[in-house]
Amino acid sequence: MTRVLHVSDLHYGTREDPAMELALTSLLERVRPELVVASGDLTHRGRRDQHERAAGFLRSLGVPVLAIPGNHDIPYTFPARFTRPWEEFERLWETTEPSYRSDGLFVLGLNSVRPWRHQSGALRRAQLRRACETLAEAPAGAFKIVTFHHHLLGAPWRSTKKPVSDRNSVLATLVDSGAQLILAGHIHQAAVSERREFEVTEGDVRAVVVSIAPGLGQPRPRRRGEARGLHVYAIADEAIAIETYIWRVDDWGLTAVRRFPRGREPLSVDPVP
Ligand SMILES: [Fe+2]
Ligand SMILES: [Fe+2]
């Protein structure tokens, strides 16, 4: 069993919560993930001190971290937003498109942030092409995860934020390249779905699960529909279980467990009991 812990939207520079951070450390001791994925908006305004606090916290977890930028992780000042958008992120994380590989796991981060857009994001064709080539090099049998900040699925509770642009072809391209789980954030609420729950597909195609993590931070505490939380993926041979933990005043509560076929083979549909 391989476990990955997924946090998103920490928004350092707004409300920081030592009690939550401490409780996350003890949750990690129980979950024992191989990797922590942080899917963007690590900071609120992309400032150096915010990046340093976010990276300091993530690195204090004692587990390898794969971090990608969100739309809040670039400067809000001009011309830095356009002339050196990734400077602080790369100073701390080296690259905006990292990868992680082990015998059982292959994780690829993509940068969906576009400095000239405030909220919406996109992946360029060349980026997707490179992603496909990288995924093709993954060890046979490794579980393949792709992550970028902008969501593919929109939860209906609050957000009117647009999903990553051209999401149908982004999804199809990544699935064809072997992605089995796609992780994002940005909307500050959980949304989890297997491809066929929202898309009509023809013939036997592989399962892919799209998972949007709730926000770990809460930049606008009065805004309803922005529960704080995180996801844990428990990856076994035949299935993956997605555990949603929500912060409840003073500790993490396991709020949902969703189980999906792993996607190694074309998905069969179990008969109705
Ligand atoms: Fe965010
Ligand atoms: Fe965002």
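These are my notebook entries on a predicted model, covering two iron sites, some strand pairings, a lone aspartate and the salt bridges.

**Entry: iron ion (ligand 1)**

I began with the iron ion (ligand 1) and looked up its protein donors. They are Asp 9 (OD), His 11 (NE2), Asp 41 (OD) and His 188 (NE2), and they lie 2.0 to 2.2 Å from the ion. Next I checked the geometry. The 4 donor atoms subtend angles of 89 to 173°, so I noted the arrangement as irregular. I wrote down the spacing of the donor residues along the sequence as D-x1-H-x29-D-x146-H. Two of these donors come from distant parts of the chain: Asp 9 sits in the loop between strand 1 (2-7) and helix 1 (18-31), while His 188 sits in the loop between strand 7 (181-184) and strand 8 (191-194), 179 residues apart. I looked up burial for this pair too, and found both Asp 9 and His 188 buried.

**Entry: iron ion (ligand 2)**

Which residue bridges the two iron ions? I found that Asp 41 does, with the ions lying 3.4 Å apart. I then listed the donors of the iron ion (ligand 2): Asp 41 (OD), Asn 71 (OD1), His 149 (NE2) and His 186 (ND1), at 2.2 to 2.3 Å. The angles among the 4 donor atoms run from 89 to 161°, and I logged this site as irregular. Along the chain, the donors of ligand 2 have the spacing D-x29-N-x77-H-x36-H. Asp 41 lies in the loop between strand 2 (35-39) and helix 2 (48-59), and His 149 in the loop between strand 6 (143-147) and helix 6 (167-176), so this pair ties together parts that are 108 residues apart in sequence. My accessibility check puts both Asp 41 and His 149 in the buried class.

**Entry: strand 7 and its partners**

I moved on to strand 7 and asked what it pairs with. On one side of the list is strand 6, which runs parallel to strand 7 and is joined to it by 3 bridges. In that pairing I found Ile 145 opposite Leu 181. Strand 9 (residues 209-212) also pairs with strand 7 in the parallel sense, over 4 bridges. Here Leu 183 stands opposite Ser 211. Are the faces of strand 7 covered or uncovered? I found both covered: Leu 181 and Leu 183 are buried on one side, and Ile 182 and Ala 184 are buried on the other.

**Entry: the hairpin of strands 11 and 12**

I followed the chain to strand 11 (residues 239-248) and strand 12 (residues 251-261), an antiparallel pair joined by 10 bridges. One register to note is Ile 246, which stands opposite Gly 253. The two strands form a hairpin with 2 residues between them. In the turn, I noted that Val 249 has a positive phi of about 65°.

**Entry: Asp 73**

I looked up Asp 73 and placed it in the loop between strand 3 (65-68) and helix 3 (80-83). Asp 73 is buried but has no salt bridge, and the nearest side chain of opposite charge is that of Arg 45, 9.8 Å away. What does the side chain of Asp 73 reach? I found the backbone nitrogen of Gly 70, at 2.8 Å.

**Entry: salt bridges**

How many salt bridges does a search of the whole structure find? My count came back as 12. I looked into several of them.

- I found Glu 88 and Arg 48 in a salt bridge at 3.0 Å, N to O. Glu 88 lies in helix 4 (residues 87-93) and Arg 48 in helix 2, so the pair ties together parts 40 residues apart in sequence.
- On accessibility, I have Glu 88 as buried at 12% relative accessible area, and Arg 48 as partly exposed at 44%.
- I found Glu 52 and Arg 91 meeting at 2.8 Å, N to O. Glu 52 is in helix 2 and Arg 91 in helix 4, so this pair links parts that are 39 residues apart in sequence.
- Glu 52 is partly exposed at 38%, and Arg 91 is partly exposed at 39%.
- Glu 88 also forms a salt bridge with Arg 91, the closest N and O atoms being 2.9 Å apart. The two are 3 residues apart in helix 4, which means about one helical turn separates them.
- I closed the page with a network of salt bridges that links Glu 16, Arg 47, Asp 49 and Arg 53.

Key
Residues numbered from 1 in each chain as written. Chains lettered and ligands numbered in written order. Predicted model: local features only at pLDDT ≥ 70, side-chain atom pairs only at ≥ 80, totals over all residues. Heavy atoms only, no water. Donors = N, O, S within 2.8 Å, 3.2 Å for Na, K, Ca; no water. Tetrahedral: all angles 85-135°; square planar, octahedral: opposite > 155°, others 65-115°. Buried < 20%, exposed > 50% of the residue type's maximum accessible area, 1.4 Å probe, protein only. Pairing = 2+ DSSP bridges. Lys, Arg positive; Asp, Glu negative; His and termini not counted. Salt bridge = Lys/Arg side-chain N within 4 Å of Asp/Glu carboxyl O. Polar contact = N/O pair within 3.5 Å; in protein donor to acceptor, adjacent residues only side chain to side chain.
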